[in-house]
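Here is a friendly briefing to read alongside the model. Have the structure open and turn it as you go through the points.

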Amino acid sequence: MKRFALAAALMASATAAQAETVVLTAARMADVLAGKSVANPVVVVTDGRIAAVGTADRPPAIPADAKRIDLGPLTLVPGLIDMHVHLGGTPLIGGYRRLEYTDQFNTVLGVPNVKATLDAGFTTVRSLGEEHHADVAFRQAIDGGFIPGPRIVAATYAIGATGGHCDENTNVPSMVRTSPGVADGPEAVRHKVRELKKLGAQVIKVCATGGVFSRNTDPGAQQMTYEELKMAADEAHMLGLKIAAHAHGTDGIKAAIKAGIDTIEHVSFIDAEGIKLAKEKGTWLGFDVYNTEYTLSEGAKNGVLEENIEKERRVGTLQRENFRKAVEGGARHIFSTDAGIYPHGMNARQFAVMVRFGMTPLQALQSATTNAAQALGRDKDVGAIAPGRFGDIIAVAGDPLADPTSLERVAFVMKGGKVEKDVR
């Protein structure tokens, strides 16, 4: 027994000796938990997690052999979280132009896309729909150290109705293709949730209504029944997964909230009753209020169908008006951009739009940090610069609690204690 105790003590001593500690200092830090700016922060990261947080006046204990990184006039910010991305997507190839490319083309595009996302300061993302389970492949490659990228919470295929937003509707009758995510009826939905979990999904996405970028669907029309949505939510929760719903239309939004869906994406036509219901149920709302300008200015030349552009014109303005109402109504918000509709790496441009339409800079930042982490069920790991959480820390020029555009100027990115970008 003494021999085993001695061996254990030697192993613990060796592990302690190998522990890598990095100390970050900067001009200020955005404390998203306390909702304030902290001057002259000192953050200690050991073996990829935050060990201690203090200030220059009241520094934490620092090992003698710690590596020090002084970020000078920059502001430390928790690694950002985008709750709605499509990592294999590109806005440069729209409409029927997609048929010119081979099946795995978007998987190849995902490699630079995940790098651009990480460089933009987004150290965690939720992938809400990829063909060929490509987001699982991205996650495996990143986690294995083969390519740089953010932490990925993958949905693989989105579940939708036949002919709905998440089906494949761009083919002529002689070339009909049904999306592998299609499921009609509660039992088929139950099976599809289990199948996606089997194939690597960490979150489930359902398409409750029509959409902007699908052919021959009305964004406002409900496409999955309450019974189907409830089955999806119940099954996902039983399996320990969170669930998101694409929902533009008023009825589909409310059906998804009542069914127990955790987050509602787009939320364009939500009404006062829906806002009240979301607040009562604690449902998170993810308005993608940035991408309208990009689609309207760039979509046509990139092959986006006029049908889709016209729907964006109709949806965009009303969505932003309803975003303001939801903020004023006290609903809970997450940062969801639908990246891939615009070029990856531009995610942070949404912060200024959120502030323009009613949020404070702090609320906007919290939507992509504390709120997003809580909605993911990962608030012990990400979403704040706090002891115990991953060393996911970025540094920006300026103060994001005063100027949300400062989040577009990311000079430094650390993920899990490893420096991924440093352009000071």
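Strand S11 is covered on both of its faces: Val 203, Lys 205 and Cys 207 are buried on one side, and Ile 204 and Val 206 are buried on the other. Since 5 of the 5 residues of S11 (residues 203-207) are buried, this strand is largely enclosed by the rest of the structure. Please keep in mind that you are looking at a predicted model.

**S11 and its sheet**

- S11 pairs with strand S12 (residues 242-247) in the parallel sense, over 5 bridges.
- Two residues of S11 help you find the register: Cys 207 has His 246 of S12 as its bridge partner, and Val 206 stands opposite Ala 245 of S12.
- The sheet is an open one of 5 strands with parallel pairing, in the order S11-S12-S13-S14-S15.
- Its edge strands are S11 and strand S15 (332-333), each of which pairs on one side only.
- S11 is thus worth a second look: an edge strand of the sheet, yet with both faces covered.

**Helix H6**

- How much of helix H6 (residues 250-259) is buried? The count is 7 of the 10 residues, so the helix is largely enclosed by the rest of the structure.
- The buried positions of H6 are Gly 252, Ile 253, Lys 254, Ala 255, Ala 256, Ile 257 and Ala 259.
- These buried residues pack against two helices, H5 (226-238) and H7 (272-281), and against the strands S12 and S13 (263-266).
- H6 therefore links back to the open sheet, as S12 and S13 are among its packing partners and both belong to the order S11-S12-S13-S14-S15.
- Just after H6 comes Gly 260, with a positive phi of about 95 degrees.

**The hairpin of S2 and S3**

- Strand S2 (residues 28-31) and strand S3 (residues 36-39) run antiparallel and are joined by 4 bridges.
- Arg 28 has Ala 39 in S3 as its bridge partner.
- There are 4 residues between the two strands of this hairpin, and Gly 35 takes a positive phi near 70 degrees.

**Around Ala 411**

- Ala 411 is part of strand S17 (residues 410-415).
- Is Ala 411 buried or exposed? Its relative accessible area is 13%, under the 20% cut-off, so Ala 411 counts as buried.
- Leaving aside residues up to four places away in sequence, Ala 411 touches Leu 74, Ala 395, Lys 421, Asp 422, Val 423 and Arg 424.
- Of these contacts, Val 423 is 12 residues from Ala 411 in sequence, while the C-alpha atoms of the two are 5.2 Å apart in space.

**The whole protein**

- The protein contains 12 helices and 18 strands.
- Its radius of gyration is 22 Å, which agrees with the value near 22 Å for a compact globule of 424 residues.
- The C-alpha atoms fill a box of roughly 70 × 55 × 45 Å along the principal axes.
- Buried residues account for 56% of the 424 residues.
- Of the contacts between residues at least 6 apart in sequence, 68% join residues at least 24 apart.
- The accessible surface is about 17,600 Å², and carbon and sulfur atoms hold 54% of that area.
- The protein carries 47 positive and 48 negative charges, and the mean positions of the two sets are 5 Å apart.

Definitions and conventions. Residues numbered from 1 in each chain as written. Predicted model: local features only at pLDDT ≥ 70, side-chain atom pairs only at ≥ 80, totals over all residues. Heavy atoms only, no water. Rg over C-alpha atoms; globule rule 2.2 N^0.38 Å. Buried < 20%, exposed > 50% of the residue type's maximum accessible area, 1.4 Å probe, protein only. Contact = heavy atoms within 4.5 Å. Areas by Shrake-Rupley, 256 points an atom, 1.4 Å probe, with all protein chains shown as cover. Lys, Arg positive; Asp, Glu negative; His and termini not counted. Charge placed at Lys NZ, Arg CZ, Asp CG, Glu CD. Pairing = 2+ DSSP bridges.
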